[in-house]
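The following exercises concern the arrangement of strands and helices in a protein chain. Please examine the sequence and the structure before working through the solutions.

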Amino acid sequence: MAIPSLLILPGDGIGPEVMAEVRKVIDWFGAKRGLRFNVSEDLVGGAAYDAHGTPLTDETMAKAQSVDAVLLGAVGGPKYDNLDFSVKPERGLLRLRKEMDLYANLRPAQCFDALADFSSLKKEVVAGLDIMIVRELTSGVYFGEPRGIFPDNEGGRIGINTQRYTTEEIRRVARSAFELARRRNNKVCSMEKANVMESGILWREEVQWVHDNEYPDVELSHMYADAGAMQLTRWPKQFDVIVTDNLFGDLLSDLAAMLTGSLGMLPSASLGAPMENGRPKALYEPVHGSAPDIAGQGKANPIACILSFAMALRYSFDQGDEATRLEQAVEKVLADGVRTADLMGPEGGKPVSTSEMGDFIVKALDASL
């Protein structure tokens with residue numbers, strides 16, 4: 001079989017630093033597990049703008065379309081705040097998502113036992129938390145037309161955004177959620193606002209259709225999104241997989257992220273339709289931003305980016321056992337008290353740099369053999 005291909009886009013700020021630690025992990029899997037990748041690297045975001053005057057070149061976009069998976073670090077920074085909207089660093093990431101048609105955004109919220117005290121909620125509420133939010137990523141109110149700011153008839157202005165969904169847009173992301181649930185605890189909760197929005201009524205009906213006709217073995221429940229937000233902070237462990245639209249997914253996934261105590265721990269995946277080889281179009285990235293205030297100082301936490309590679313092992317390369325190996329190595333390092341600056345709490349621990357954290361995770365991988 002052909003060696004699977006991986007395009008690395010480190011991006012801006014701390015992106016190159018955390019991605020360097022992922023490269024150590026990729027090299028380890030090649031050397032110790034015979035799991036090799038054809039790795040290429042390119043520019044995105046501000047780095048691409050500095051070099052080419054655009055946040056993503058057509059050539060890089062073509063590479064992203066041709067590889068088995070893309071792994072991205074972070075984009076943006078105050079240096080680029082005054083650029084025209086069309087060439088801001090974030091437009092590079094948005095172009096990747098749009099042109100690769102990455103319609104299912106997977107946002108896990110997992111609370112490692114060693115970090116349960118970092119959550120703003122009580123330890124017993126979050127300890128052992130492991131949920132997955134599946135957010136529809138390419139439609140809804142962020143993309144619907146008409147949109148814009150228009151003059152009204154009274155000398156003022158009107159801001160318009162259109163919430164729009166089609167049957168197939170809902171069904172395909174619902175299928176992603178049900179497939180994930182089959183790998184986990186076989187339970188999906190769909191969240192919308194069917195009580196006040198016609199798009200919410202359609203969402204509920206179409207998710208129910210997919211369940212009844214294609215996934216009757218998976219437990220399905222429905223919840224209004226505002227009630228879902230309340231339940232996530234009351235007792236989040238009642239959920240396994242949550243599927244929701246673009247807007248509510250944006251809000252609920254960030255809420256769930258803070259249940260775990262640190263954005264530096266959270267990976268994500270954005271998946272599209274299967275390619276000819278059966279693998280989905282895929283982009284993996286940490287949830288955190290480019291953190292320009294600490295860039296180049298060795299303070300960044302690389303774990304979210306490393307766990308994003310673990311998601312790639314699981315969802316793109318069908319290496320679930322090796323993904324678990326990597327996740328358990330991270331858990332072991334944290335349990336041993338190894339901490340980057342963002343994870344230092346009152347209980348202390350061994351403070352380490354970005355590079356040292358990567359080294360500790362590789363040593364834990366060695367110990368797993």
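**Exercise 1.** In which sense do strand β3 and strand β12 pair, and over how many bridges?

*Solution.* The model considered here is predicted. Strand β3 covers residues 69–74 and strand β12 covers residues 280–286. The two pair in the parallel sense, over 2 bridges. Within this pairing, L71 has Y284 of β12 as its bridge partner.

**Exercise 2.** Determine the order of the strands in the open sheet, and state which strands stand at its edges.

*Solution.* The sheet is made of 10 strands, in the order β2-β1-β3-β12-β11-β4-β5-β10-β8-β9, with mixed pairing. The edges are held by β2 (38–41) and β9 (219–224); each has a single partner strand, so one side of each is left without a neighbour in the sheet. On average, neighbouring strands are turned by 20° against each other, direction ignored.

**Exercise 3.** Identify the strands that helices α3 and α4 meet, and describe how the two helices pack.

*Solution.* Begin with helix α3 (residues 58–66), which packs on the sheet and touches β1 (5–11), β2, β3 and β12. The direction of α3 makes about 140° with that of β1. Next, helix α4 (residues 89–99) lies across β1, β3 and β12, and runs at about 155° to β12.

Now consider the pair. The axes of α3 and α4 are 11 Å apart and the helices pack at an angle of about 40°, which means that α3 is oblique to α4. The crossing of α3 past α4 is right-handed. Finally, D58, M61, A64 and Q65 of α3 make the contact with R95, L96 and E99 of α4. These contact residues comprise 3 nonpolar, 1 polar and 3 charged.

Definitions and conventions: Residues are numbered from 1 along each chain as its sequence is written. This is a predicted model: local features need pLDDT of at least 70, side-chain atom pairs count only at pLDDT 80 or more; totals for chains, interfaces and linings use all residues. Side-chain values use heavy atoms; hydrogens and water are left out. Two strands pair if DSSP finds at least two bridges between them. Helices (H or I, at least four residues) and strands (E, at least two) are DSSP runs, numbered from the N terminus. Axes are lines fitted to C-alpha atoms, for helices over the stretch in contact, and angles run from 0 to 180 degrees between N-to-C directions. Contact means heavy atoms within 4.5 Å. Angles under 35 degrees count as roughly parallel, over 145 as roughly antiparallel, 65 to 115 as roughly perpendicular and the rest as oblique. A crossing is left-handed if the near helix is turned anticlockwise from the far one by less than a right angle, and right-handed if clockwise. Ala, Val, Leu, Ile, Met, Phe, Trp, Tyr, Cys and Pro count as nonpolar, Asp, Glu, Lys and Arg as charged, and the others, Gly among them, as polar.
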